[in-house]
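Q: Could you take a close look at one helix for me, and then show how its surroundings fit into the rest of the assembly?

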Number of protein chains: 2
Amino acid sequence: MSDGPAVEAARVVADLHELDRRTGGPGGAQRLCWTEVWREARAMLADLLGEIDLEPERDAAGNLWVFLKGEREPALVVGSHVDSVPDGGWLDGALGVMAALGVLRAWAGSDRRPPRSLALVDWADEEGARFGRSLFGSSAFSGSLDPEGVRGLRDAEGISIVDALAENGVDLGDALGATSRQDRIAAYLELHIEQGPVLEAEGVQAAAVSGCAGVQRHRFRFRGQSSHAGTTPMDRRRDAGLAAAQVALRVEEVGAQHGGMATTGSIVLFPGIPTAVAGEAELLVDLRHPDAGELAAMLADARAAAEAAASRRGCEFEAESVWAIEPIPFDAELVAMASDACREAADSDRVLASGALHDAAEVARVAPTAMVFCPSIGGISHASEEDTAEPDLIAAIEAFGLLANRVLST
Amino acid sequence: MSDGPAVEAARVVADLHELDRRTGGPGGAQRLCWTEVWREARAMLADLLGEIDLEPERDAAGNLWVFLKGEREPALVVGSHVDSVPDGGWLDGALGVMAALGVLRAWAGSDRRPPRSLALVDWADEEGARFGRSLFGSSAFSGSLDPEGVRGLRDAEGISIVDALAENGVDLGDALGATSRQDRIAAYLELHIEQGPVLEAEGVQAAAVSGCAGVQRHRFRFRGQSSHAGTTPMDRRRDAGLAAAQVALRVEEVGAQHGGMATTGSIVLFPGIPTAVAGEAELLVDLRHPDAGELAAMLADARAAAEAAASRRGCEFEAESVWAIEPIPFDAELVAMASDACREAADSDRVLASGALHDAAEVARVAPTAMVFCPSIGGISHASEEDTAEPDLIAAIEAFGLLANRVLST
């Protein structure tokens, strides 16, 4: 059987460089969602779509869609996001959008219609870098967004999310109107950089992604007694900061023991001065695992460690859930097809779980979904240094194109 | 021999309550130096001195002095500071000033002149709560103040220390003029609350202080690699925050092992967000010991621990000295006399080193000095809850008065 027209990977890379030239540069990508530079990125995308006679449309949440009519409905949707964090990388999100454009371009330039309709989507505000709410557009599409829950958000300059959305033609109260396109989607595929060091370390050019790890993010609060650093004997202290330090080290062990990720990226002490024993401490604990049972066990272990450390140091302990998402496995059949495509295009059998969240995790709630990852040099993303070796980019784009064409035929 | 007229301790306590009523209250003492409330406290002190026909004078650093002429020169100086931290305690500093006033009042009301001149001093800006430079007035007196080193300091509202001093009639450039009074001082005695829990725990009402512990305060910086909390495997992290946490716990052990105080009251992580492994961490390490050799050993142990933790976690480490002061032992003979007075007035043989700094540490550079401590309930100070049981206050004031009278006779 024919797999359909091959994506021109070199052109996709050239588009990415041009996008970076226009909306990024040496200081990093500046495509912060709902801003002028982000709109410039979308204008460039619209120009490129215009070259193949396609015109994008917007849904109620600000997601950009374009449909290439095929022989059957509903459509295979391919895409990602063009928005970036400030001073971000040139590939995070943009790779998946430009690769999706490459797939559409290949079909638009062929003498055949695709066996089923093919759509590109550019999800709005994946990063949440401005208002702190990531996956905005894709969660509006899946219906998991609670518009009232985000209505009070403001950016660092005090601008309300409501006003920023309105400036971009989006009425927050109507955002769930984006769910109406769920009927038009048969499956969703997304190519993304790994944003971690695993594939590079293993010499893998492209890998199928089995799903997104679940996340349990908690604020652990320890309350001891602030006292004078010079006059409180060591054995009479109730040092909340040391309780937090002890738990941070234990959380690291919990991650390793369960084969998950466990991070304590924020510790804040009160009063936080050198001359006082810390009377209070807040530790942010971020736990991730693709298996729900393991994730729950990690949380239980971390909590038990916190209770023990607090008790030993005469501190009170309380935990508050900051955010949580269950593990989201992708569609088994699509993951297998993605693995096949990676084997053929990149000689790779690697299947890994994503520890980062992606729009695909939201789409997976309502449609069969899979992803392909390519390596990130040094595991670095969300920084201007973010990069992927060009042969790896090419191989991953080709694997993604192959996968898309095969799914189109299902 | 007669010890001279006894201090009326109950009157001292009444003066302290009145001072608290005028310049503090339920929210705590508000005698922040160089402010209106601090000037009110000094005005009350001047009124009380006026009742015994004494008029205070000011030196070039804003210290308040009053001399009661005796049979010999130079003078025994007794005092402390009336300034407080914001929302501070009613006794910290004020106790020593009012007790000193009590000693002067007893002699002024007797039919004898003291065997040597007797002076009260109220040191300016002991706390350094507004501009971050403690022991201002006493260090100007001792000559250890570097006026140019503090000239750039500003308070939280941006007001310059130069302007705040000028508002109080002090020209920073002339502050070292306060050293001229060194000639007039034979010895210095100060009564202060312990600001720690030791005396209360031991049931001691008053204790002689052998000296002030030395302090080594350092900023330990760890530089690892910030990376994504969801995608960086546990065994590939360079977590600077965990290096700092490990060192904080080790610093605690160092304090206990050397019989000193070791505190890590501030840990700051960068970027300090839950979704990123901390790429940088700053730990403030405050080490105190009355013995210079032990203090140096504590610092060496803490640095070695930091180097080991940094190396193990692939982090760079550097230490920067923030502040240091050598241990300052008080005058052995005066300490022995203080101990005798505490035994007689309060049945206590306890002699302890101060982990907190006091004006007495500055005065000890230029004159024989000793201190007496009374207990702090719960070890609490620098807070509105600061308190001492009234029988303990009375006993300590009486011990201090006895000590002052005996030193006057030397």
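**A helix and its surroundings**

A: Let's start with helix H9 of chain B, residues 292–312, in this predicted model. The helix has 21 residues, which at 1.5 Å a residue should span 30 Å, and its end C-alpha atoms are indeed 30 Å apart, so the expected and computed lengths agree.

Now look at which side chains point inward. The buried residues of H9(B) are B:Leu295, B:Met298, B:Leu299, B:Ala302, B:Ala305, B:Ala306, B:Ala309 and B:Ala310. Viewed down the axis of H9(B), these buried residues fall within an arc of 130°, so they line one face of the helix. The spacing makes sense if you recall that an α-helix has 3.6 residues a turn, so residues three or four places apart point the same way. On the other side of H9(B) you will find exposed residues: B:Gly293, B:Ala300, B:Ala304, B:Ser311 and B:Arg312.

What does the buried face pack against? The partners of the buried residues of H9(B) are helix H8 (240–258) and four strands of chain B, namely S7 (214–223), S9 (261–270), S11 (280–289) and S12 (316–325). Just past the helix, H9(B) is followed by B:Gly314, which has a positive phi, near 65°.

Some of those packing partners turn up again where the two chains meet. In that interface, 46 residues of chain B are in contact with 46 residues of chain A. On the side of chain B that touches chain A, the elements giving two or more residues are strand S8 (227–228), H8, S9, strand S10 (276–277) and S11. Of these, H8(B) gives the most, with nine residues. Sorted by class, this side of chain B has 21 nonpolar, 19 polar and six charged residues.

The two chains are related in a simple way. Chain B is superposed on chain A by a rotation of 180° with 0.1 Å of shift along its axis, with an RMSD of 0.1 Å. That is the relation of a two-fold axis. The same surface serves both copies, as 100% of the contact residues of chain B recur in chain A. If you want to find the axis on screen, look for B:Ala245, which comes closest to it of the residues of chain B, at 2.3 Å from its C-alpha.

Over in chain A, helix H8 (residues 240–258) has 19 residues and reaches 27 Å from its first C-alpha to its last, close to the 27 Å expected at 1.5 Å a residue. After H8(A) comes A:Gly259, with a positive phi near 65°.

To place this helix in its chain, note that chain A is divided into domain 1 (9–212 + 328–408) and domain 2 (214–325). The C-alpha centres of domain 1 and domain 2 of chain A lie 35 Å apart. Between them, five residues of domain 1 of chain A are in contact with four residues of domain 2 of chain A. The domain 1 side of that contact in chain A has two nonpolar, three polar and no charged residues.

One last stop is A:Val85, in the loop between strand S3 (75–80) and helix H3 (94–108) of chain A. A:Val85 counts as buried because it has 22 C-beta neighbours inside 10 Å. Leaving aside neighbours within four places in sequence, A:Val85 is in contact with A:Glu127, A:Ala129 and A:His382.

Technical notes: Residues are numbered from 1 along each chain as its sequence is written. Chains are lettered from A and ligands numbered from 1 in the order in which they are written. This is a predicted model: local features need pLDDT of at least 70, side-chain atom pairs count only at pLDDT 80 or more; totals for chains, interfaces and linings use all residues. Copies are superposed by least squares on the C-alpha atoms of residues with pLDDT of at least 70 in both. Two residues are in contact if their C-beta atoms, placed from the backbone, lie within 7 Å. A residue is buried if 20 or more other C-beta atoms lie within 10 Å of its own, exposed if 12 or fewer, and partly exposed in between; C-beta atoms are placed from the backbone. Domain bounds come from an automatic or database domain assignment. Ala, Val, Leu, Ile, Met, Phe, Trp, Tyr, Cys and Pro count as nonpolar, Asp, Glu, Lys and Arg as charged, and the others, Gly among them, as polar. The expected span of a helix is 1.5 Å times one less than its number of residues. The arc is that of the directions from the helix axis to the C-beta atoms.
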